[in-house]
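This report describes one protein chain, part by part, for a reader who has the sequence and the structure at hand. Please keep both in view while reading.

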Amino acid sequence: AKLGESITSDHPCESLFVCDDTGRQNSLTVVLTQEIARFNNLLRLIHDCLNELERAISGLVVMSEEIEAVYVSFLINEVPAMWSNAAYPSPKFLASWVQDLSGRCEFFRRWLEDGLPNSYRLSYFFFPQGFMTSNLQNYSRENTIAIDRLFFEFAVLPYTEWPDVLSPDHEEIENKLPKIESGVLIYGLYCDAFRWDIDSMLMSA
């Protein structure tokens, strides 16, 4: 996977940045800009590191201890500590980590260009708690209800409606999921210490 130097667009979706009657921006747009800033910081670090490594290998600069550690990580297919410390938690090896990062960047770039998606891969966020809170905030504003009185109810879609969440094609996932009037569709969650029984639609050991 090829990593761009930043998540940006020459033609961002204008509707994302339209404020309401009181001058407030959509809470999800705030989350989007914060996530893009975090990813751009990570991408900048990666590209600066690779440029420094290339110069060191070429003999143009002395290889520092940090850059040497990055080189050693490449040899054993591990994510350099310099990168992982600035990134989101991930157990992946380097090759799959880079591919995953590319998919995350593409998801947020599409969001920036095309506007609010119909569904969100929750595991792609640096800070998923902010995304969840922003949905409560939007609902609170639309319905004039205090946000501290709101809570989430969760419903799992029937198995026949599930898209291939491992597919890198977000558009394919969007086309397979239903449209909803209220709430938000998420995917990309993983089970730990239990499994999802698709017949009973319940958690099971």
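## The loop between strands 2 and 3

Ala193 belongs to the loop that joins strand 2 (185-187) to strand 3 (195-197). The model is a predicted one, and in it the phi angle of Ala193 is near 75 degrees, a positive value in a residue other than glycine. Most residues other than glycine have a negative phi.

Is Ala193 buried or exposed? With a relative accessible area of 76%, Ala193 is exposed, because the cut-off for that class is over 50%. Ala193 and Ala205 are separated by 12 residues in sequence, and their C-alpha atoms are 7.1 Å apart in space.

## The loop between strands 3 and 4

Met201 is placed in the loop between strand 3 and strand 4 (202-204). Its phi is also positive, near 60 degrees, and Met201 is likewise a residue other than glycine. The relative accessible area of Met201 is 26%. Met201 is therefore partly exposed, since that class lies between the limits of 20% and 50%.

## Helix 1 and its ends

Helix 1 covers residues 27-57, which makes 31 residues. What span should such a helix have at 1.5 Å a residue? The expected value is 45 Å, and the C-alpha atoms at the two ends are 45 Å apart, so the model agrees with the expectation. The calculation multiplies 1.5 Å by one less than the number of residues.

The two ends of helix 1 can be described in turn. At the N-terminal end, Asn26 acts as a cap: one of its side-chain oxygens is 2.8 Å from the backbone nitrogen of Leu28. Just after the helix comes Gly59, with a positive phi of about 85 degrees.

## Where helix 1 meets helix 5

Ser27 is part of helix 1, and Ser134 is part of helix 5 (residues 128-143). Ser27 has a relative accessibility of 5% and so counts as buried. Ser134 has a relative accessibility of 4% and is counted as buried as well. The cut-off behind both statements is a relative accessible area under 20%.

Which residues does Ser134 touch, apart from its neighbours within four places in sequence? Ser134 is in contact with Ser27, Leu28 and Val31. With its own neighbours within four places set aside, Ser27 is in contact with Ser134, Gln137, Asn138 and Arg141. Ser134 has a further partner in Phe131: a polar atom of the Ser134 side chain lies 2.7 Å from the backbone oxygen of Phe131.

## Helix 2

Ala69 is located in helix 2 (residues 65-75). The relative accessibility of Ala69 is 41%, so this residue counts as partly exposed. Although Ala69 and Pro80 are 11 residues apart in sequence, the distance between their C-alpha atoms is 7.1 Å.

## Helix 4

Helix 4 contains 21 residues, numbered 94-114. From its first C-alpha to its last it reaches 30 Å, close to the 30 Å expected at 1.5 Å a residue. After helix 4 comes Gly115, with a positive phi near 95 degrees.

Which residues of helix 4 are buried? They are Leu94, Trp97, Val98, Asp100, Leu101, Arg104, Cys105, Phe107, Phe108, Trp111 and Leu112. A general property of helices helps in reading this list. An α-helix has 3.6 residues a turn, so residues three or four places apart point the same way.

## The chain as a whole

The protein chain contains 6 helices and 4 strands. Read from the N terminus, the order of these elements is α-α-α-α-β-α-α-β-β-β. Along the principal axes, the C-alpha atoms fill a box of roughly 60 × 50 × 30 Å. Among contacts in the chain with a separation of 6 or more, 57% join residues 24 or more positions apart.

Of the 205 residues in the chain, 34% are buried. The accessible surface of the chain is about 13200 Å², and carbon and sulfur atoms provide 53% of that surface. The chain carries 15 positive and 30 negative side chains, and the centres of these two sets are 2 Å apart.

Methods: Residues numbered from 1 in each chain as written. Predicted model: local features only at pLDDT ≥ 70, side-chain atom pairs only at ≥ 80, totals over all residues. Heavy atoms only, no water. Polar contact = N/O pair within 3.5 Å; in protein donor to acceptor, adjacent residues only side chain to side chain. Buried < 20%, exposed > 50% of the residue type's maximum accessible area, 1.4 Å probe, protein only. Contact = heavy atoms within 4.5 Å. Areas by Shrake-Rupley, 256 points an atom, 1.4 Å probe, with all protein chains shown as cover. Lys, Arg positive; Asp, Glu negative; His and termini not counted. Charge placed at Lys NZ, Arg CZ, Asp CG, Glu CD.
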